[in-house]
Amino acid sequence: MSHRPRSGLAAVSTALLAMSRHLEVRDVLKTIVASARELLDAEYAALGVPDDHGGFAQFVVDGVSDEQWKAIGPLPRQHGILAAMLHEEKTERLADVREDPRFEGWPSAHPGLSDFLGLPVKDGDETIAALFLANKRCPRQGGGCGFTEEDEELLSILAQHAAIALTNARLYERSRELTIAEERSRLAHELHDAVSQKLFSLRLTAQAATALVDRDPDRAKGELQQVAALAAEAADELRAAVVELRPAALDEDGLVHTLRTQIQVLDRAHSARVSFDTRGIRALPAAQEEALLRVAQEALHNALRHSGGDRVEVTLARRGQGAVLGITDNGMGFEPRAVRRAGRHLGLVSMRDRASGVGGRLRVISAPGQGTTIEMEVPGG
């Protein structure tokens, strides 16, 4: 970014065009922040998208290096002056943010802020983000610093268009998710039909081999070879389908965001309360992240469909260099050994296979009347 602001209609037009050019939410957020910082000639700019738990689902900054941002630490909470943007829903223009009674300090690695301008970004009556600027650059030596009323009006215009750009990007991503879901459904039906046909043929061929073992061993041998070939074909089709069905959101958004999004959907779709808490998690190898996601999906399905509980808690936390996933419900529970003896697996076999396939382990803790906890731990990459 240049240290000299562009001015006038051309600068505003450039900023608005930049925001409308992107369709990915993350790109739109970055563009909004960079455009606001350049347009108003501020040293720092930030935009926060709130979550439902007193924090920010996304927080984008401009003017802070990657090293500084890592040193600052976790995303900020919705407190102090940040909360004012989201809850009081009014513009805040301050000569020195440190003198405001709502100021609560910042981490030691945080850059120093003085003059401050912030306002909510609204879509109708809903506040969807908060936009902040700090440290207006002095236009000349000895001149006064600080944001002006004109700056406030300009940022307000920018925020209105930012709301449109952000809403459009979200609609695009939701449309894409629906397209991906439809494609997965189609693939699942195709997989079901193809594998069902293979398994049906395999069963008939195995029955024929059984009938021929005593009276025509050579023909029985041929039928058994056909059984092996059919089984190999079915396995190949399954492997190909798994590759195609790998969740795209996991590649783009990472495990934490993907899990949170899916759990929010489940929470809305079921009467049971479904919650998610994560602590200190870091990026893991792709195979481990996919295994954790698949186990979470299977365990959530069991809890919501079979446990009879009204609360399901999902946790994902760092453990050493790896991670541990927990899914706990307050339902009826079961006796794991009895389930195995009865031949009912509740997906436990596939969950154990997924865990062991990435060097992890799965624990099942349950008893009648005491709910169930599925815990999966994976090592670091």
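Which backbone oxygen does the side chain of N135 reach? In this predicted model, the side chain of N135 comes to 3.1 Å from the backbone oxygen of G112. N135 belongs to strand β5, and its relative accessibility is 10%, so with the limit for a buried residue set at under 20% N135 counts as buried. Leaving aside residues up to four places away in sequence, N135 touches a run of neighbours that includes D41, A42, E43 and Y44, together with G112, L113, S114, D115 and F147.

The strand that holds N135 leads into an open sheet of five strands, which are arranged in the order β2-β1-β5-β4-β3 with antiparallel pairing. Because β2 (56–62) and β3 (92–94) each have a single partner strand, they stand at the edges, and one side of each is left without a neighbour in the sheet. From one strand to the next, the twist averages 15°. At the β3 edge, three bridges join β3 to the antiparallel strand β4, residues 116–123, and E92 has G118 in β4 as its bridge partner.

Two helices pack on this sheet. Helix α2, residues 25–39, touches β1 (42–50), β2 and β5 (126–136), and its direction makes about 40° with that of β2. Helix α4, residues 80–88, touches β1, β2, β3, β4 and β5, and its direction makes about 145° with that of β5.

Helix α2 can be followed in further detail. Its 15 residues reach 21 Å from the first C-alpha to the last, close to the 21 Å expected at 1.5 Å a residue. Helix α2 is also mostly covered, with 12 of its 15 residues buried; among them are the hydrophobic-lettered positions V25, V28, L29, I32 and V33, but also T31, S35, R37 and E38. After α2 comes D41, whose phi is positive, near 55°, and D41 is also one of the residues that N135 touches.A second open sheet of five strands has the order β6-β7-β8-β10-β9, and its pairing is mixed. Here β6 and β9 stand at the edges, and since each has a single partner strand, one side of each is left without a neighbour in the sheet. The twist of this sheet averages 10° from one strand to the next. β6 and β7 pair in the parallel sense over seven bridges, and the bridge partner of R279 in β7 is A317. Helix α10 packs on the sheet by touching β9 and β10, with a direction that makes about 145° with that of β9.

The strands of this second sheet also enter the description of the nonpolar interior. The largest nonpolar core has 33 residues, and those with the most contacts inside it are L259, L325, L362, I374 and M376. Two or more residues of this core come from each of the helices α7 (248–269), α8 (286–306) and α10 (348–357), and likewise from each of the strands β6 (273–279), β7 (311–319), β8 (322–329), β9 (361–366) and β10 (372–378). Helix α8 gives the most to this core, with nine residues. Not counting residues up to four places away in sequence, L259 touches F276, L293, A296, L316 and L325. Apart from this core lies another, of 32 residues, which includes V49, L133, A162 and A169.

How values were computed. Residues are numbered from 1 along each chain as its sequence is written. This is a predicted model: local features need pLDDT of at least 70, side-chain atom pairs count only at pLDDT 80 or more; totals for chains, interfaces and linings use all residues. Side-chain values use heavy atoms; hydrogens and water are left out. Two strands pair if DSSP finds at least two bridges between them. Helices (H or I, at least four residues) and strands (E, at least two) are DSSP runs, numbered from the N terminus. Axes are lines fitted to C-alpha atoms, for helices over the stretch in contact, and angles run from 0 to 180 degrees between N-to-C directions. Contact means heavy atoms within 4.5 Å. A nonpolar core is a set of buried Ala, Val, Leu, Ile, Met, Phe, Trp, Tyr and Cys residues joined through side-chain atoms within 4.5 Å. Buried means under 20% relative accessible area, exposed over 50%, partly exposed in between (1.4 Å probe, protein chains only). The expected span of a helix is 1.5 Å times one less than its number of residues. A polar contact is a pair of N or O atoms within 3.5 Å; within protein, one must be able to donate a hydrogen and the other to accept it, and residues adjacent in sequence count only if both atoms are side-chain atoms.
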